[in-house]
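Trainee: I would like a close look at a single part of this model, and then at how the rest is arranged around that part.

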Amino acid sequence: MIETAAQFFTSPRLRGEVGLHALACNPGEGDSPPSKSGQSPPHPDPLPASGEREKKSRSFVVAVFVGLIAILNSSAATTAEIPLQDRRSGYEFMGRETRAMQDDDTANPGMLSVLEGEALWNRKVGEAGKSCADCHGDASASMKGVAARYPAYSPARGRPLDLEQRINSCRADQQKATPLAQESKDLLALTAYVARQSHGMPVEIATDERTRPFLDAGRDIFQRRQGQLNLACANCHDDNWNGRLAGAPITQAQPTGYPLYRLEWQSLGSLQRRLRNCLIGMRAEPYAYGAPEFVDLELYLMWRSRGLPVEAPAVRP
Ligand code: HEC
Ligand code: HEC
């Protein structure tokens, strides 16, 4: 097992940016495309710029290495899922200041995207010349609780859609407009606006026979060892959520805050962007944005956090 990690750190290819930074689930390679409108952070940069990150000292490598060995050694077999009463949002692992930032709407940078989303909600676009509001009216009524039950099965598509896909399908089919690019500023803003209408509501994912197979597929991805480090998501997030990796808490991977503002990203980002970070950290090939595997994984993760309150737009380190 240790050999795997040792190989990881001695391979010349991996000594570069790709592996080391991504191990702590940093943005790394394969990250989202920059948004067209060049979102500028509303707050001064509280973190070292990425250039400084490249210069991270050897101690960082050692910390990751030690953390990894601990994980590899402690997870001979995947343990059971986290009991319902022990589940905790990533919020509870954060420092006081980051929590305060999330809690205060005037300090939460994600709220700017919610405001942008509200403007987009009311804007007429596409050949149909219709706004979201023209059909759905007041979002605080029509979209209340929607994000808490997504991804949800779409009979038209024969599989679950996540919220971004659902919004984009209205954009294409109802507004007759070009779908918004994944991870674009506008799609994130609309998603944040819709998700905000479920703030505080418990996550509740359908588990009927149509949804089940996709949920099971998502669980399988979560529990399967993959990538050059031969790790499963569950090795960190089910078995070691009390632990730390390179100084950062590992957390339970509860996806209740997405889209969220990550200080590391200096922007809002989707759950898929976060999942890509972790897959790259595992030295596994990340799925493409919008891939069915991602939606299955999102579905499983949301089901796994059933009952926890929706926090979107959350703030994370
Ligand atoms: C021309 C009317 C129309 C427009 C414009 C429209 N939608 Fe919809 N939308 C619908 C209909 C009809 C449904 C329900 C379809 C179905 O039965 O699944 C729906 C469903 C949805 C859902 C899923 C709700 C649920 O309960 O699962 C979301 C989210 C949504 N729309 C968001 C949007 C957003 C955001 C916009 C603007 C970008 C938008 N829609 C524009 C007609 C529209
Ligand atoms: C080597 C350990 C490790 C593995 C394996 C791993 N992650 Fe992570 N993951 C982390 C760490 C550490 C963080 C938190 C980093 C931070 O916030 O600074 C994290 C964060 C997350 C979050 C964000 C939680 C929040 O509060 O927003 C999600 C979701 C997540 N991981 C899902 C996954 C999935 C799905 C997989 C498998 C594809 C996976 N992770 C594999 C270490 C891991």
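Where does Asn230 lie?

Mentor: Asn230 lies in the loop between helix 11, residues 212–223, and helix 12. The model is a predicted one, and that applies to each value below. The phi angle of Asn230 is near 55°, a positive value in a residue that is not glycine. The two helices that flank this loop lead in two directions, one to a helix packing and one to a ligand shell.

Take helix 11 to begin with. Helix 11 packs with helix 14 at an angle of about 90°, and their axes are 7 Å apart. Helix 11 is therefore roughly perpendicular to helix 14. Helix 11 brings Phe214, Leu215, Ala217, Gly218, Arg219, Ile221 and Phe222 to this contact, and helix 14 brings Glu293, Asp296, Leu297, Leu299, Tyr300 and Trp303. By class, the residues of this contact are nine nonpolar, one polar and three charged.

On the other side of the loop is helix 12, which spans 233–237. Helix 12 is one of the helices that supply at least two residues each to the shell around ligand 2; helix 13 (271–281) and helix 14 (292–304) do so as well. Helix 14 thus appears twice in this account, in the contact with helix 11 and in the shell around ligand 2. The largest share of that shell, five residues, is from helix 13. There are 28 residues around ligand 2, and those that come nearest are Gly90, Cys233, Cys236, Ala253 and Cys278. By class the shell has 19 nonpolar residues, seven polar and two charged.

Beyond helix 14 the chain reaches a short strand. Pro313 is in the loop between helix 14 and strand 7, and the peptide bond from Ala312 to Pro313 is cis, with omega near -5°. Strand 7 belongs to an open sheet of three strands, ordered 6-5-7, with mixed pairing. Strand 6 (267–269) and strand 7 (315–316) are the edge strands, each pairing on one side only. Strand 5, residues 260–262, pairs with strand 7 in the parallel sense over two bridges. Arg262 stands opposite Arg316 of strand 7.

A second cis peptide bond can be described in the same terms. The bond from Tyr150 to Pro151 is cis, with omega near 0°. Pro151 is in the loop between helix 8 (139–142) and strand 1 (152–154).

The other ligand has its own surroundings. Around ligand 1 there are 15 residues, and the closest are Lys130, Cys132, Cys135, Cys170 and Gln174. Helix 7 (132–136), helix 9 and helix 10 each give at least two residues to this shell. By class the shell around ligand 1 has eight nonpolar, three polar and four charged residues.

Two of those helices also pack on each other. Helix 9, residues 163–173, and helix 10 pack at an angle of about 110°, with axes 10 Å apart. These two helices are therefore roughly perpendicular to each other. On helix 9 the contact uses Leu163, Glu164, Ile167 and Asn168, and on helix 10 it uses Leu187, Leu190, Thr191, Val194 and Ala195. This contact of helix 9 with helix 10 has six nonpolar residues, two polar and one charged.

Helix 10 (residues 185–196) also packs with helix 6 (residues 110–121), at an angle of about 95° and with the axes 7 Å apart. Helix 6 is therefore roughly perpendicular to helix 10. Gly110, Ser113, Val114, Glu116, Gly117, Glu118, Leu120 and Trp121 of helix 6 meet Asp186, Leu188, Ala189, Leu190, Ala192, Tyr193 and Arg196 of helix 10. In class terms, this contact of helix 6 with helix 10 has eight nonpolar, three polar and four charged residues. Leu190 of helix 10 takes part in the contact with helix 6 and in the contact with helix 9.

A word on confidence is needed. The protein averages a pLDDT of 83, and 75% of the residues score at least 70. Over residues 1–62 the pLDDT is below 50, and this stretch has 78 contacts in the model beyond near neighbours in sequence. Where pLDDT is low, the predicted coordinates should not be read in detail.

Methods:
Residues are numbered from 1 along each chain as its sequence is written. Chains are lettered from A and ligands numbered from 1 in the order in which they are written. This is a predicted model: local features need pLDDT of at least 70, side-chain atom pairs count only at pLDDT 80 or more; totals for chains, interfaces and linings use all residues. A residue is near a molecule or strand if its C-beta atom, placed from the backbone, lies within 6 Å of it. Helices (H or I, at least four residues) and strands (E, at least two) are DSSP runs, numbered from the N terminus. Ala, Val, Leu, Ile, Met, Phe, Trp, Tyr, Cys and Pro count as nonpolar, Asp, Glu, Lys and Arg as charged, and the others, Gly among them, as polar. pLDDT is the predictor's confidence in each residue, from 0 to 100. Two residues are in contact if their C-beta atoms, placed from the backbone, lie within 7 Å. Axes are lines fitted to C-alpha atoms, for helices over the stretch in contact, and angles run from 0 to 180 degrees between N-to-C directions. Angles under 35 degrees count as roughly parallel, over 145 as roughly antiparallel, 65 to 115 as roughly perpendicular and the rest as oblique. Two strands pair if DSSP finds at least two bridges between them.
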